[in-house]
Structure formats: structure tokens, C-alpha cells
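Me: Before going back to the bench, I would like to go through this fold step by step, with the reasoning spelled out for each point.

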Amino acid sequence: MTVDDIRSFNRFYTRLIGALDYGRQLYAPYTLTESRVLYELAHSPRTDVADLRTGLHLDAGYLTRILNKFETEGLIERGPSERDPRRRRIRLTARGRETADLLDERARQTVGALLAGVAPDDRPRLAEALRTVRTLLSGDRAPRPEDVVLREPAPGDLGWIVQRNAVLYAAEYGWNVEYEGLVARIVADFAEDHDPRAERVWIAELDGAPVGCVMCVRDEAPGTARLRLLLVDPGARGLGIGDRLVTAVVGFARGAGYRELVLWTNDVLTTARRIYQRHGFVLVAEKPHRSFGQDLVGQDWRLDLRARAE
């Protein structure tokens, strides 16, 4: 490997990205940098101006001009940071989130078209090569919370939810195939019939691989949403992913007009229960039961979305 090898690859890749971007006007009417700022605001857990500037390596004046433009167009709102009143917090408006989602969808479609030219048998090799490049050039840097992206499920992700739940709960709690069957039914019901305005799945991704998930689905009770299948892969724990996933569900449920958010869990899942408590969920009932090959205590938790909003 020589310097010329890397420079040659860079020229190839920038030509490829240039063709994807400008040939199809992927980010119009925004520049690539403006689109990246919107992406970070839609996906990053930290949305202070200082965090954006540091994370994107942008000049302060340049970032200010971008944010002024976004505010004028009604894409963002600015206010004091909850962590530090001396900082400025940025939040996407509904219009801003729609714009970010549109740009993200364009990017997914374009890259999807690129991948369509790669034979299915070659795609695992491509994915592994990309991970290898990132690992080697990052100097084995430990992952950071900002490296994690929350996104909608791609093809294969729903199957990953079933497989990963089954494997982890068998390894950590000794649950049998009965639990895998339950997860498979939940996921299948969502895949076959769901209202995207009222129901959603989030996948947490790190270095191109899924490491967590959660679902928000309509409950049988009117005005009620249900949080389901919160999971964080052991190798990605400690990055605040569980909190981010629950935050996403709560925000979505409130925005969709639900009055309350409920969930069912078991008392052995202590880490998840602490996350629910931090978000204001209240334990309303518990009952011993025999499921998944184990004696468990099931728990019902509830969050009043109207009270939290007030």
C-alpha cells in the first residue's frame, strides 16, 4: 500500500460520488454541506451549535450562515441549551424534518441504484471491505455516541430484529424458542400491515451494522401507542443507544397525537426498566407468569404523554 494507491482510490471515489450527487441533483436545492447539517440535526443526539461545529469541522461563521438560512426557511428553531444555558440548542421543525427525510430518501434511492449493479453474492464482500477501511483508518478508535445513527429499517433489518432478539435473550436469560416465536409474530404483523403515520420501527446503526432496535405500534386501547422490542447489542452498550431509542419513540408517539404510551416487560430486564423510569414511565401492574421456559414477573408500564407535554 502506497500514498499513490490511496490517492488513486480517492480520485475514483470522489468521481463516483460526484456522479451520484451533481448528475442527479441529489441535494438540490441545498449544498452538500447544508444537507450534511440537516442530516446531523435529524440523527445526532447532540444538537448544540458547538457540537455541530466540532462534529462537522465547520468554520463558525459558515455554520452560522447556514443556520440563519435554515431558520429563515422555517427548517429549524433555536433556543437555550438544556445542558448549558450559555449554549444554543437547535431543533428541526416539522418542515425541517420533512426536508431532511426527503434528502435522506433521495440518498438511499441513489445508493440503492448503485448497489443494484453489484451482484448479491458480492455484497457481503463489499460490506466487509468498507468496514475494514473504517476500522484500519480510524486507528482502532473506540465508538462514540455520535457514531450511532437511528434510521428506518432497510430490507433484512426486520429479520435481524427477530434473529438478534432470539440469540441475545437465549444467551443472557435462557429464554427458549417460544420468545423467538413471539418476536416473529410482532415483526410479521408490523411488516404486513402498519400505518407509517402512526407506527414506526427504528434501527440503531454503528459502522454500517445494526446494533439496536425499537418499535412503536398502535395499541388496542384508543389513543394509546405501545413500545415494543427495545434491544441494544452487547457490543454497543454504554453509548446511550437505549435512551435514544426510547426518546425517539416518545417523541414520535407524542407527535402522532397519542395520549399515552404503554409497554410490557419483565422484572429481570433491569437496564431497560431504568431507561423507562428515566423517561417518566410508571409501573402500573405486575404479575408472575411462566413464559419462554422461565418463571418471570411481567410488568406493565405507562407514560402519560399529555402530562409530560405540559
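Me: Which radius of gyration does the chain have, against what a compact globule with 310 residues would have?
Reply: This is a predicted model, and its C-alpha atoms fill a box of roughly 65 × 50 × 35 Å along the principal axes. A compact globule with 310 residues would have a radius of gyration near 19 Å, and the value for the chain agrees with this, because the chain has 21 Å.

Me: Among contacts between residues at least 6 apart in sequence, what percentage join residues at least 24 apart?
Reply: The chain has eleven helices and nine strands, and 38% of its 310 residues count as buried. Among the contacts in the chain between residues at least 6 apart in sequence, the share that joins residues at least 24 apart is 61%.

Me: In what order do the seven strands of the open sheet lie?
Reply: The edge strands, each pairing on one side only, are strand 3 (148-151) and strand 8 (282-291). The twist from one strand to the next averages 20°. With mixed pairing, the seven strands of this open sheet follow the order 3-4-5-6-7-9-8.

Me: Which residue in strand 7 stands opposite Thr224?
Reply: Strand 6 (residues 224-232) and strand 7 (residues 260-266) run parallel and are joined by three bridges. Within strand 7, the residue opposite Thr224 is Glu260.

Me: What angle does the direction of helix 9 make with that of strand 6?
Reply: Helix 7 (residues 157-173) lies across strands that include strand 3, strand 5 (209-218) and strand 9 (294-304), and runs at about 65° to strand 6. Helix 9 also packs on the sheet, touching strand 3, strand 4, strand 5, strand 6, strand 7 and strand 9, and its direction makes with that of strand 6 an angle of about 165°.

Me: Which helix gives the most to the largest nonpolar core?
Reply: This core has 54 residues, and those touching the most other members are Ile161, Leu227, Ile241, Leu245, Leu261 and Phe281. Beyond its neighbours within four places in sequence, Leu261 has contacts that include Leu227, Val249, Val250, Ala253, Phe281 and Trp301. The helix that gives the most to the core, with eight residues, is helix 9 (residues 241-255).

Me: How far does helix 2 reach from its first C-alpha to its last?
Reply: Several residues of helix 2 are buried, among them Val37, Leu38 and Leu41, and Val37 is also included in a second, separate core of 19 residues. Helix 2 (residues 32-43) has twelve residues, and at 1.5 Å a residue the expected span is 16 Å, to which its reach is close, at 16 Å.

Note on methods:
Residues numbered from 1 in each chain as written. Predicted model: local features only at pLDDT ≥ 70, side-chain atom pairs only at ≥ 80, totals over all residues. Heavy atoms only, no water. Core = buried A, V, L, I, M, F, W, Y, C linked by side-chain atoms within 4.5 Å. Buried < 20%, exposed > 50% of the residue type's maximum accessible area, 1.4 Å probe, protein only. Helix = DSSP H or I, 4+ residues; strand = E, 2+ residues; numbered from the N terminus. Contact = heavy atoms within 4.5 Å. Pairing = 2+ DSSP bridges. Axes fitted to C-alpha atoms, helices over the stretch in contact; angles between N-to-C directions. Expected span 1.5 Å × (residues − 1). Rg over C-alpha atoms; globule rule 2.2 N^0.38 Å.
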